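Reader: I should like a close look at the charged side chains of this model, with attention to their pairing and their exposure.

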Amino acid sequence: METAVTSRNGSAYSEALGEPAMNMGMMEIPAFLMCPPFSFSTKVANNIWMEEIEPEERAVDHRRATKQFLELYHYLTSEAIVQILPTPNGCGLQDLVFVANMGVVLEHIKEKNTVIISNFKADVRCGESDVGIRFFQSMGYDVYIPPYHFEGEAELKYLYDNIYIGGYGIRSDARAHRWLEDRFDMRVIQLQEVDEYLYHLDCTVFPITKEQTIVCTEMYTKEEIRAIEEVTSIIDVSEDDCYSGITNSVRLHNILLNASNINYLKKGTELYQLELQKNRRLEDIATELGFEVYYFNLDEFMKSGALLSCLVMHLNRNSYNIDLL
């Protein structure tokens, strides 16, 4: 099913007053969407990370989850606009907090007014699409749903101009990317995901500047890597670092935001060493390019197999407009 219905009431009102129609993405500062963890739950295990944790061990501490969410929210709002997605009362949508999966705003469209809402593969997530449609329509966006499985910003990374990288194979369908290309005059470099632990593109790819992209090259074929190299410079990272979430980052101006619970891990353990390795690799990349790194403990959300980038949806990518070195 394809949906292309738009609510323009707000825009019509602005035009009647002689004011230009605006949305959050058109602001000059960075803008993001987040959703408080009101309906957050781990009751249904819908990925392999969750399946490997006993139900009682992955039960959510809601007070702790809210505190962790607010720490990230407050940091972002210090330098950006953060719109809150309303949570319908009693909706039972356990993953609604992970808004990066709900859709993607197409950055190459000048007005930043086109959002692609996800067509979820997992039954437990299908209701999120209706929430996204209603919200973005109420804000005056042009709203579309691809006729194939597609899971939003987590599967589609913007580079520059009209060029994107798209992931498919586990949660998204390659035909969704071709549909996007045909419909919105864009180019999508397609990467096939084959590792069940790295089931979204944000697990292995992170555009860090307009010219450079962090990629786990060992996860893709030589042909796929060549296609990436034609449009961006690759900064290679290891598979282990991706398991630890190095590419599940968000850029805010010259700061890289990343999840790390290293202060809660026992020194000398394998998990501690892997987390330390990931953090040092990200810090080395940041130092070379002129970034700083800021870490957030999000271990309550890790119970869902999720990391920082899952909690944030870009409404624009204005952070990428500043010069670093």
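To begin with one residue, does glutamate 223 count as buried or exposed, and at what relative accessibility?

Author: In this predicted model, glutamate 223 counts as exposed, because its relative accessibility is 52% and the cut-off for that class is over 50%. The side chain of glutamate 223 meets that of arginine 226 in a salt bridge, with an N to O distance of 3.6 Å. Both residues belong to helix H6, which spans residues 222–229; they are three residues apart, so about one helical turn separates them. Arginine 226 has a relative accessibility of 44% and therefore counts as partly exposed. Elsewhere, Arg64, Asp299, Glu300 and Lys303 are joined into one network by salt bridges that share partners.

In general, side chains of opposite charge can pair when their charged atoms come close. The structure holds 13 salt bridges. One of them links arginine 125 to glutamate 128, with 2.7 Å between the closest N and O atoms; both of these residues, arginine 125 and glutamate 128, are buried. Another salt bridge connects arginine 175 with aspartate 173, where the closest N and O atoms are 2.7 Å apart. Arginine 175 is partly exposed, at a relative accessible area of 41%.

Unpaired charges also deserve mention. Glu218, Asp236, Asp240 and Glu270 form a negative surface patch. Of these, glutamate 270 lies in helix H8, which covers residues 270–289. Glutamate 270 is exposed, having a relative accessible area of 64%; because a patch takes residues with over 30% relative accessible area and no salt bridge, glutamate 270 meets the area requirement.

Notes. Residues numbered from 1 in each chain as written. Predicted model: local features only at pLDDT ≥ 70, side-chain atom pairs only at ≥ 80, totals over all residues. Heavy atoms only, no water. Patch = residues over 30% accessible without salt bridge, like charges linked within 9 Å, V, L, I, M, F, W, Y side chains within 5 Å. Areas by Shrake-Rupley, 256 points an atom, 1.4 Å probe, with all protein chains shown as cover. Salt bridge = Lys/Arg side-chain N within 4 Å of Asp/Glu carboxyl O. Lys, Arg positive; Asp, Glu negative; His and termini not counted. Charge placed at Lys NZ, Arg CZ, Asp CG, Glu CD. Helix = DSSP H or I, 4+ residues; strand = E, 2+ residues; numbered from the N terminus. Buried < 20%, exposed > 50% of the residue type's maximum accessible area, 1.4 Å probe, protein only.
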